[in-house]
Amino acid sequence: MKITFFSHSTYMIEIHGIFLLVDPFFYGNPLFKKDSKLLNRCIKYFKRIDYILLTHAHYDHVCDTELFANKFGSLVISNYEISNFFEKKKLKTYGINYGSFISFPFGRLKYVWATHSSVFDDGTYGGNPGGFLLQTKDKKNIYLSGDTSLTYEMKLIPSFGTLKISILPIGGVYTMGVEEAIIASDFLQCKKVLGVHYDTFEAIKIDKKKAKEKFYEKNKELFLLKIGDTMCI
Ligand code: NI
Ligand code: MN
């Protein structure tokens, strides 16, 4: 399994040749507005996108959904309300809610609790915000928390199997910061964290070196990828 980071909460997960894009935020993203060459380099990487996973309806998570779903014929997987929103725009959707695992050709997905909000830019209700618990067929478990604060609900996640890595926001203000993400990794019984949702805007700028040190002091590892970089799980 490969995870390629595209800044903010946007990343591609490749599972044996199947591509899942999470929370696409490219054209409205200030980091890409400043550097269109970087944007083009990232987009060029896309050969296919089989699924688009959306954690909640905020603009910085859904804004390029239509663009990529139309281009690649991707299936949009999200909560029921977000799926309905995109179904009306003629996209292929799969609406789910908090509950059970659902099987897909790449493995299983469960929509899990996030403590946040969820509304589209035009005011349309975006259902309950969430994250995804992903279990691949070769038994790799990954937790994608989406935008969330620290919550006791995270303690349930390891009941479904040991996690390989957790993808957590660390920028603070709108989500967990570094301090909370370290406690989250205790709740999740997962020492490896891929940090997302930082540095995109002024309000969520972090000191990356300090953040890594704080994790290290607690005997944990924080991975921070450069835009366009890939890690193998
Ligand atoms: Ni949000
Ligand atoms: Mn966000």
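A charge is said to sit over a ring if NZ of Lys or CZ of Arg is within 6 Å of the ring centre and within 35 degrees of the ring normal. In this structure, which is a predicted model, arginine 108 lies over the face of phenylalanine 101, at 3.8 Å from the ring centre. A second case involves a lysine, for the charged end of lysine 155 sits over the ring of phenylalanine 187, 4.7 Å from the centre of that ring.

Rings also meet other rings here, and the count of aromatic pairs comes to 21. One of them joins phenylalanine 46 and phenylalanine 68 in an edge-to-face arrangement, with 5.3 Å from centre to centre and 90 degrees between the planes. Because phenylalanine 46 lies in the loop between α2 (36-44) and β4 (51-53), while phenylalanine 68 belongs to helix α4 (residues 65-72), this pair ties together parts that are 22 residues apart in sequence. Both phenylalanine 46 and phenylalanine 68 are buried.

The pair formed by phenylalanine 104 and phenylalanine 106 is, by contrast, stacked, with 5.3 Å from centre to centre and 5 degrees between the planes. Phenylalanine 104 is buried, having a relative accessible area of 8%, and phenylalanine 106 is likewise buried, with a relative accessible area of 2%; each is counted as buried because its value falls under 20%.

Returning to the edge-to-face pair, which residues form one aromatic cluster with Phe46 and Phe68? The cluster is made up of Phe6, Phe26 and Phe32 together with Phe46 and Phe68.

Key:
Residues are numbered from 1 along each chain as its sequence is written. Chains are lettered from A and ligands numbered from 1 in the order in which they are written. This is a predicted model: local features need pLDDT of at least 70, side-chain atom pairs count only at pLDDT 80 or more; totals for chains, interfaces and linings use all residues. Side-chain values use heavy atoms; hydrogens and water are left out. Rings of Phe, Tyr and Trp (its six-membered ring) pair if their centres lie within 6.5 Å; planes under 30 degrees apart count as stacked, over 60 as edge-to-face and the rest as tilted. Helices (H or I, at least four residues) and strands (E, at least two) are DSSP runs, numbered from the N terminus. Buried means under 20% relative accessible area, exposed over 50%, partly exposed in between (1.4 Å probe, protein chains only).
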